[in-house]
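Here are some exercises to work through with the structure open beside you. Try each task before you read its solution.

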Amino acid sequence: MNKYDFGNWIPKRFLKRSYMRIAIIYILAFVSNHFSLKVLSLLFLMIGSAYLLFMIYMTICHYLFSYDGKKIMEKIHEYIISKLPKDLNGIAIDIGCGSGALAIKLKERYGDLDIIGIDYWGDEWDYKLKQSQNNAELAGFNIDFRKGDASDLEFDDDFFDLTISNFVFHEVKSVDDKNELIKEAIRVTKKGGYFLYHDLFENEKIYPDIERFLDELKRDVEEIIYIKNTERIIGLPSILLTPLMLSGLGLIYGKK
């Protein structure tokens, strides 16, 4: 059993509430049948069965993401960190730090790196500020976690030696144009510092023309590298390679 409470990209409360709804739908089907409302009963059965199949899929994905299961989250973190330089010091920010898992991984690799983790910690997620702090304490690290907005970072230009974010930008509700989140993260990166962002960059509905946008960024940074479809490079299970999950991932990293 993992000693940390890293939560899950698919929250337990979502699973519990969904299975309760399914139970209610099946009860309605039974009651409708009891009162000879055959068509209505059949409709409830069809809806309930479709919902159940969907939730079985989500439950499998929850297990795969879990740090006590197949540890997909950990595998992704290890892959993206491998793209960073061997030596890093100074100060870093983990944008959308969640439960602190990535920040702790960074601290394990770069002991001299001071890390700030920011997150919105909305109710729909399986993460909380106190949870992040407890995880860092268990790891024996002093990490500064604070509430923040990825679209409006409360730091001066050229502040961080490293800015990093994993699977976060597409979920930020405070800005429609997700490219603005990348610009904001690069804004607070020091000249000569490093940046690394992993998100659904191959999803054209979220990032309509990522290649063109990256060409624009090249004017403001020393080096930028883009890796498409990292879900396949990492070797994620095929069950996760759907539009509902981790299809269309991309990794942007480089030096400002």
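**Exercise 1: The nonpolar cores**

In this predicted model, the largest nonpolar core has 51 residues, and those with the most contacts inside it are Trp 9, Phe 65, Leu 84, Leu 106, Leu 162, Met 245 and Leu 246. Find which elements give two or more residues to this core, and then look for another core apart from it.

*Solution.*
- Step 1. Start with the helices: α1, α2, α3, α4 and α5 (129-139) are among the elements that give two or more residues to the core.
- Step 2. Add the strands β2, β4 (160-166) and β7 (250-255), which are listed with those helices.
- Step 3. Now look elsewhere. Another core, of 29 residues, lies apart from the 51-residue one and includes Ile 95, Phe 169, Ile 210 and Phe 213.
- Step 4. As background, nonpolar side chains in soluble globular proteins tend to be buried together.

**Exercise 2: Around Phe 65**

List what Phe 65 touches, leaving out residues up to four places away in sequence. Then work out how the rings of Trp 9 and Phe 65 are arranged.

*Solution.*
- Step 1. On one side of the sequence, Phe 65 touches Asn 8, Trp 9 and Ile 10.
- Step 2. Its other contacts are Lys 71, Ile 72, Met 73, Leu 240, Met 245 and Leu 246.
- Step 3. Turn to the rings, where the structure holds eleven aromatic pairs. The ring centres of Trp 9 and Phe 65 are 5.1 Å apart and the planes meet at 65°; planes over 60 degrees apart count as edge-to-face, so this pair is edge-to-face.
- Step 4. Place the partners: Trp 9 is in the segment before α1 and Phe 65 is in helix α2, so the pair ties together parts 56 residues apart in sequence.
- Step 5. Check burial: both Trp 9 and Phe 65 are buried.

**Exercise 3: A pair of neighbours**

Phe 159 and Phe 160 also form an aromatic pair. Is each of the two buried, partly exposed or exposed?

*Solution.*
- Step 1. The geometry is edge-to-face, at 4.8 Å centre to centre with 70° between the planes.
- Step 2. Buried means under 20% relative accessible area and exposed means over 50%. Phe 159 has 32% relative accessibility, so Phe 159 counts as partly exposed.
- Step 3. Phe 160 has a relative accessible area of 0%, so Phe 160 is buried.
- Step 4. For further practice with rings, find the cluster in which ring pairs link Tyr 4, Phe 6 and Tyr 67.

**Exercise 4: The two pockets**

Describe the largest pocket and the second largest pocket by volume, lining and residue class.

*Solution.*
- Step 1. The largest pocket has a volume of about 1000 Å³. Its lining comprises 43 residues, and Trp 125, Phe 167, Val 168, His 170 and Glu 171 are the closest to its centre.
- Step 2. Elements that each supply at least two lining residues include α1 (12-34), α2 (38-65), α3 (72-81) and β1 (90-95).
- Step 3. By class, this lining has 25 nonpolar, ten polar and eight charged residues.
- Step 4. The second largest pocket has a volume of about 210 Å³. It is lined by 13 residues, of which Asp 5, Gly 7, Lys 12, Ser 66 and Asp 68 are the closest to its centre.
- Step 5. By class, the lining of the second largest pocket has three nonpolar, six polar and four charged residues.

Conventions: Residues numbered from 1 in each chain as written. Predicted model: local features only at pLDDT ≥ 70, side-chain atom pairs only at ≥ 80, totals over all residues. Heavy atoms only, no water. 1 Å grid on protein atoms, 1.4 Å probe; cavity = no way out; pocket = protein on both sides within 12 Å on 5 of 7 lines; lining within 4 Å. Points joined across faces, edges and corners; volume = space filled by probe spheres on them. Helix = DSSP H or I, 4+ residues; strand = E, 2+ residues; numbered from the N terminus. Nonpolar A, V, L, I, M, F, W, Y, C, P; charged D, E, K, R; others polar. Core = buried A, V, L, I, M, F, W, Y, C linked by side-chain atoms within 4.5 Å. Buried < 20%, exposed > 50% of the residue type's maximum accessible area, 1.4 Å probe, protein only. Contact = heavy atoms within 4.5 Å. Phe/Tyr/Trp six-rings, centres within 6.5 Å; stacked < 30°, edge-to-face > 60°.
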